[in-house]
Amino acid sequence: MDRKIEKKYWSKKRISLVSGGVVVALLLIYNLIFADHRSKLNVEKDKITISKVTRGTFDTYIAVTAVVLPLKTIRLDAIVGGYVSQKYLEGGSMVKRGDSILRLQNQNMEMEFVNHETEIYRLINELQNTRQTLKQNRFTMQQTLNELDFQIDQAKDLYDRNKQLVDEKIVARQDYIKYKLDYERLVKQKQIEIESQKFQEENAKIQIERLESTISRTQRNLQMMKDNMNNLVLKAPIDGQLSSVDAEIGGSIQAGQNIGQIDDLNGFKMRAEVDEHYISRVFPGLKASFEFNNKNYELVIIKVYPEVKNGRFNVDMKFDKETPDGIRRGQSSPIRLELGKSSAALLLPVGGFFSDTGGNWVYVVDKSGKRAVKRNISLGQKNPQFFEILEGLEEGEQVITSSYENFGDKEVLVF
């Protein structure tokens with residue numbers, strides 16, 4: 001008789017299926033809870049730049065290019081206009097103070113000078129004539145007064161004698177009155193003559209004073225014109241090098257027109273263009289330095305030009321201690337311009353990453369060295385070599401500092 005064989009519940013097949021399901025379930029649970037779901041990108045390590053975070057001294061400075069200029073440059077501007085009749089020196093010549101550079105000719109000025117000179121001679125002659133006339137009038141008036149005095153004395157004598165005779169009734173009263181009136185008329189005539197002479201003399205003195213004042217003004221004007229005529233010869237105001245002369249014989253020059261300049265070779269300065277971003281941080285007294293012939297030289301800002309052109313402004317710097325030997329006008333050199341005091345800080349080398357992230361995040365290489373993970377950071381000041389790290393990074397960590405342009409928005413880079 002056959003016996004029914006009961007099947008086992010945990011058959012090998014069922015155990016296999018259950019085990020497989022558990023494994024799949026565990027994998028799903030692990031993937032949901034523990035797996036890394038961040039976006040990734042494979043990159044070639046040899047095509048990126050990795051820099052190390054270090055601790056050191058952060059120097060606040062910027063690098064600019066400066067040009068060597070003479071410490072003092074004198075512009076040569078024409079004080080008066082005219083056309084060039086002679087040219088004595090060319091650009092590049094060494095000059096001494098007072099050396100003639102070129103001569104201008106201005107016929108209108110020359111004619112005006114001659115006219116003023118003629119006018120002053122006429123005024124001088126008029127003054128001399130007035131003084132001579134005054135002297136002659138004085139003699140004439142003195143003679144008139146003398147004659148009047150004589151006539152008055154005669155009339156008074158007749159008047160006095162006839163007064164006595166009329167009292168004695170020897171002379172008629174009519175004759176007495178005639179002598180009296182003659183005497184009084186002469187006395188009044190003398191008084192009038194004195195007043196007339198006084199008026200004429202005062203009037204002559206006023207004329208003389210006016211003529212003298214006019215002559216004095218005319219002489220001053222003539223002297224000014226003479227000095228102005230001297231300006232037709234353009235002369236060197238200082239010793240130095242005549243860098244240029246923008247004028248040719250026969251050319252017309254206007255008053256105030258610049259025709260060249262003279263460089264004072266007793267010293268040099270350097271002029272640099274600085275980005276307007278730093279205009280509030282640059283002022284006279286700031287230090288700078290540059291290297292020339294393997295030697296470092298110190299500079300100090302002496303002038304900041306307030307005008308901003310094309311986003312940049314100029315500063316002038318002089319050598320603080322010594323001027324390099326062999327330096328020449330027009331040479332250019334990179335300058336290290338200090339903007340503040342040095343301080344200890346965490347430092348991250350400057351790189352192309354900043355233009356892609358604005359300094360808000362970077363890719364940090366993990367301890368395995370096989371990948372780099374995106375991390376938020378905060379950067380402070382920048383100089384041409386380093387960024388100052390405020391937070392987000394530690395000393396010794398490695399950061400990708402080359403451009404992130406090809407990484408998109410990936411969170412993890414796998415090497």
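Does phenylalanine 354 count as buried, exposed or partly exposed, and at what relative accessibility? Keep that residue in mind as we walk through this predicted model, because its relative accessibility is 33%, and it counts as partly exposed. Partly exposed here covers the range between the cut-offs of under 20% for buried and over 50% for exposed.

Phenylalanine 354 has a partner worth finding on your screen. With phenylalanine 387 it forms a stacked aromatic pair, the ring centres 4.9 Å apart and the planes at 20° to each other. One ring belongs to helix α4 (residues 353-357) and the other to strand β20 (residues 386-391), so the contact ties together parts that are 33 residues apart in sequence. The two partners fall into separate accessibility classes: phenylalanine 354 is partly exposed, whereas phenylalanine 387, at 2% relative accessibility, is buried.

Now widen the view around that pair. Ring pairs join Phe353, Phe354, Trp361, Tyr363, Phe387, Tyr404 and Phe407 into a cluster. Over the whole structure, a search finds 11 aromatic pairs. One member of the cluster, Trp361, also has a charged neighbour: lysine 374 lies over the face of tryptophan 361, at 4.2 Å from the ring centre. Elsewhere you can look for a second arrangement of this kind, in which arginine 336 lies over the face of tyrosine 61, 3.7 Å from the ring centre.

Lysine 374 is a handy bridge to the next topic, the strands. Strand β18 spans residues 371-376 and runs antiparallel to strand β22 (residues 412-414), with 3 bridges joining them. Within this pairing, alanine 372 stands opposite leucine 413 of β22. Both strands belong to an open sheet of 6 strands, with mixed pairing and the order β1-β22-β18-β17-β21-β2. At its edges are β1 (40-42) and β2 (50-52), each of which pairs on one side only. Going from one strand to the next, the twist averages 35°.

Let us finish with another set of strands, centred on β5. Which strands does β5 pair with, and in what sense? Strand β5 (residues 82-87) pairs with strand β10 (residues 252-253) in the antiparallel sense over 2 bridges. With strand β7 (residues 100-105), β5 pairs in the antiparallel sense over 4 bridges. Tyrosine 83 is a good residue to click on here. Its bridge partner in β10 is serine 252, and its bridge partner in β7 is glutamine 105.

Key: Residues are numbered from 1 along each chain as its sequence is written. This is a predicted model: local features need pLDDT of at least 70, side-chain atom pairs count only at pLDDT 80 or more; totals for chains, interfaces and linings use all residues. Side-chain values use heavy atoms; hydrogens and water are left out. Two strands pair if DSSP finds at least two bridges between them. Axes are lines fitted to C-alpha atoms, for helices over the stretch in contact, and angles run from 0 to 180 degrees between N-to-C directions. Rings of Phe, Tyr and Trp (its six-membered ring) pair if their centres lie within 6.5 Å; planes under 30 degrees apart count as stacked, over 60 as edge-to-face and the rest as tilted. Buried means under 20% relative accessible area, exposed over 50%, partly exposed in between (1.4 Å probe, protein chains only). A charge sits over a ring if NZ of Lys or CZ of Arg is within 6 Å of the ring centre and within 35 degrees of the ring normal.
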